[in-house]
Each structure stands twice: as C-alpha cells, then as structure tokens.
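Here are my notes on the model you passed along. Have it open beside you as you read, and take the points in order.

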Amino acid sequence: MSFVLMHLLKICIGTTFSCGLIDFLLYGPLQGNAKTNWLMILPVFVAYAALYFFVFKYLIQKFNIPTPGREEGEAKLYTKDDFQKKKAGAKSDDELSGIILRAVGGTGNLVDVDACATRLRLTVKDSTAVDDDLLKQHGARGIIKKGTGVQIIYGPQVSIIKSNFEEYLEGLSS
C-alpha cells in the first residue's frame with residue numbers, strides 16, 4: 001500500500017528496515033528535492049501518524065485493551081520514605097535462599113542450580129515436591145516445571161539470587 005502511494009507521489013527515498021531519521025536525511029534532503037521529491041513525504045508522515053493514532057485509539061477503547069496509564073484505580077507515586085520502608089521490610093539474601101531451598105524440597109531433592117536472564121533453573125529429583133505457592137509468596141513471578149527441571153521466574157535480578165543461593169548452599173555444606 002505505502003509503496004504504491006510513494007510511487008504515485010513520485011517520492012524516491014530509499015530506506016532500510018527501520019525507516020528512521022538517518023535514512024530520511026541521507027536519502028531525502030541530502031540528495032535534493034529534485035531527485036527524491038522528499039518534501040512530499042512530510043504530509044504522508046502526518047497522515048500516517050493521524051491514521052495510526054485514531055485506529056489504535058478506537059481499537060484500544062472498543063476492546064478495552066489494557067495499556068499503561070489505563071489501569072483501574074489511581075497511580076501511586078512513591079516517595080523516598082516509601083522506598084526505604086520497603087527496603088527495610090525486604091527479605092535478606094539468606095532468608096530468600098532458605099525459602100527457595102525449603103520450597104524445592106531441601107538439599108536432598110536439589111540436583112543442579114543454574115540461571116538464565118530471568119529464571120532460576122533448577123534440576124530436582126522430584127518436581128512434585130516443589131511448593132509453587134511458597135515461591136510465589138516470596139517474589140517468584142511464575143514457576144515452570146518440565147520433568148525434573150524447574151524454572152522459577154524472578155526477572156533480571158535472578159543472577160544475584162542465583163549467586164546468593166549458591167553461597168547459601170556452600171555455607172550449608174561446610
């Protein structure tokens with residue numbers, strides 16, 4: 001559709017995948033209007049922006065698609081005091097490690113500990129012994145079990161949780 005429109009308006013701006021500002025400048029104004037007819041693309045940009053805005057606004061409102069800023073209730077702005085209180089109430093690293101160990105069935109059930117970008121990956125002897133509710137109560141965003149593999153989703157801070165958990169396990173064995 002847009003190729004046909006560009007051809008009809010005789011706009012000759014070559015773009016790469018992103019079609020960004022650098023492409024526009026290199027292949028538009030720097031080449032000259034006589035070669036590229038780049039000035040005609042400005043009203044096309046405005047028309048596309050308006051079209052996208054109104055179509056997506058209509059679809060979001062019609063299907064009540066949740067988007068940031070449209071959540072139920074009021075948004076809460078946190079102060080430094082709120083952050084300090086939350087930080088003071090947070091579990092220590094050893095406490096969280098102990099909870100994780102208890103939730104996976106203890107050291108007798110644990111075979112291997114690993115992590116990826118967002119998940120603590122554990123190999124256990126019996127995955128039915130893993131207490132999903134306990135893990136979720138203490139910060140896990142989700143648990144995935146497949147055979148003897150258990151993935152506990154913590155998010156980007158998982159590398160810290162993994163290293164603290166391994167140190168906790170070493171402290172138990174020594």
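1. A word on burial before anything else: buried means under 20% relative accessible area, exposed means over 50%, and partly exposed is what falls in between (1.4 Å probe, protein chains only). By that yardstick Lys145, at 34% relative accessibility, counts as partly exposed. Of the 174 residues of the chain, 25% count as buried.

2. Some ground rules. This is a predicted model, so local features need pLDDT of at least 70 and side-chain atom pairs count only at pLDDT 80 or more, while totals for chains, interfaces and linings use all residues. Residues are numbered from 1 along each chain as its sequence is written, and side-chain values use heavy atoms, with hydrogens and water left out.

3. How confident is the predictor? pLDDT is its confidence in each residue, from 0 to 100. The chain has a mean pLDDT of 86, with 89% of its residues at 70 or more. Among the elements, strand E2 (residues 119-124) has the highest mean, 95, and helix H5 (residues 80-89) the lowest, 70.

4. Now the layout. Helices (H or I, at least four residues) and strands (E, at least two) are DSSP runs, numbered from the N terminus. The chain has eight helices and four strands, and from the N terminus on they run α-α-α-α-α-α-β-β-α-β-β-α. Contact here means heavy atoms within 4.5 Å. Among contacts between residues at least 6 apart in sequence, 51% join residues at least 24 apart.

5. Next, the inside. A nonpolar core is a set of buried Ala, Val, Leu, Ile, Met, Phe, Trp, Tyr and Cys residues joined through side-chain atoms within 4.5 Å. The largest one has 23 residues, and Leu110, Leu135, Ile152 and Tyr154 touch the most other members. At least two residues of this core come from each of helix H6 (93-103), strand E1 (110-115), E2, helix H7 (132-137), strand E4 (149-153) and helix H8 (158-173). H6 gives the largest share, five residues. A second, separate core has seven residues, including Met6, Ile13, Trp38 and Ile41.

6. Have a look at Tyr154. Leaving out residues up to four places away in sequence, Tyr154 touches Ile100, Thr118, Leu120, Leu135, His138, Gly139, Ala140, Arg141 and Ile161.

7. On to the outside. Accessible areas come from the Shrake-Rupley method with a 1.4 Å probe, and for residues only the protein chains shown count as cover. The chain exposes about 12700 Å², and carbon and sulfur atoms supply 61% of it. Patches are made of residues with over 30% relative accessible area and no salt bridge: like charges are joined within 9 Å, and nonpolar side chains (Val, Leu, Ile, Met, Phe, Trp, Tyr) within 5 Å. Leu51, Tyr52, Val55, Phe56, Tyr58, Leu59, Phe63 and Ile65 form a nonpolar patch, together offering about 800 Å² of accessible area. Tyr58 sits in helix H4 (residues 41-62).

8. Which salt bridges turn up? The term means a side-chain nitrogen of Lys or Arg within 4 Å of a carboxyl oxygen of Asp or Glu, and a search of the whole structure finds two. In one, Lys145 pairs with Asp132, the closest N and O atoms being 3.1 Å apart. This pair links distant parts of the chain, with Lys145 in strand E3 (residues 142-146) and Asp132 in helix H7, 13 residues apart. Asp132 is partly exposed, at 25% relative accessible area. In the other, Lys162 meets Glu166 (3.3 Å, N to O). Both lie in helix H8, four residues apart, about one turn of the helix. Glu166 is partly exposed, at 29%.

9. Arg121 deserves a line too. Arg121 is in strand E2 and partly exposed at 34%. Arg121 and Lys162 are 41 residues apart in sequence, with 9.0 Å between their C-alpha atoms. Not counting residues up to four places away in sequence, Arg121 touches Asp112, Val113, Asp114, Ala115, Cys116, Val150 and Gln151.

10. Last, two backbone oddities to check. Asn37, in the loop between helix H3 (33-36) and H4, has a positive phi, near 55 degrees, though the residue is not glycine. Asn64, in the loop between H4 and H5, has a positive phi near 50 degrees and is not glycine either. Asn37 is partly exposed at 21% relative accessible area, whereas Asn64 is exposed at 55%.

Notes:
pLDDT is the predictor's confidence in each residue, from 0 to 100.
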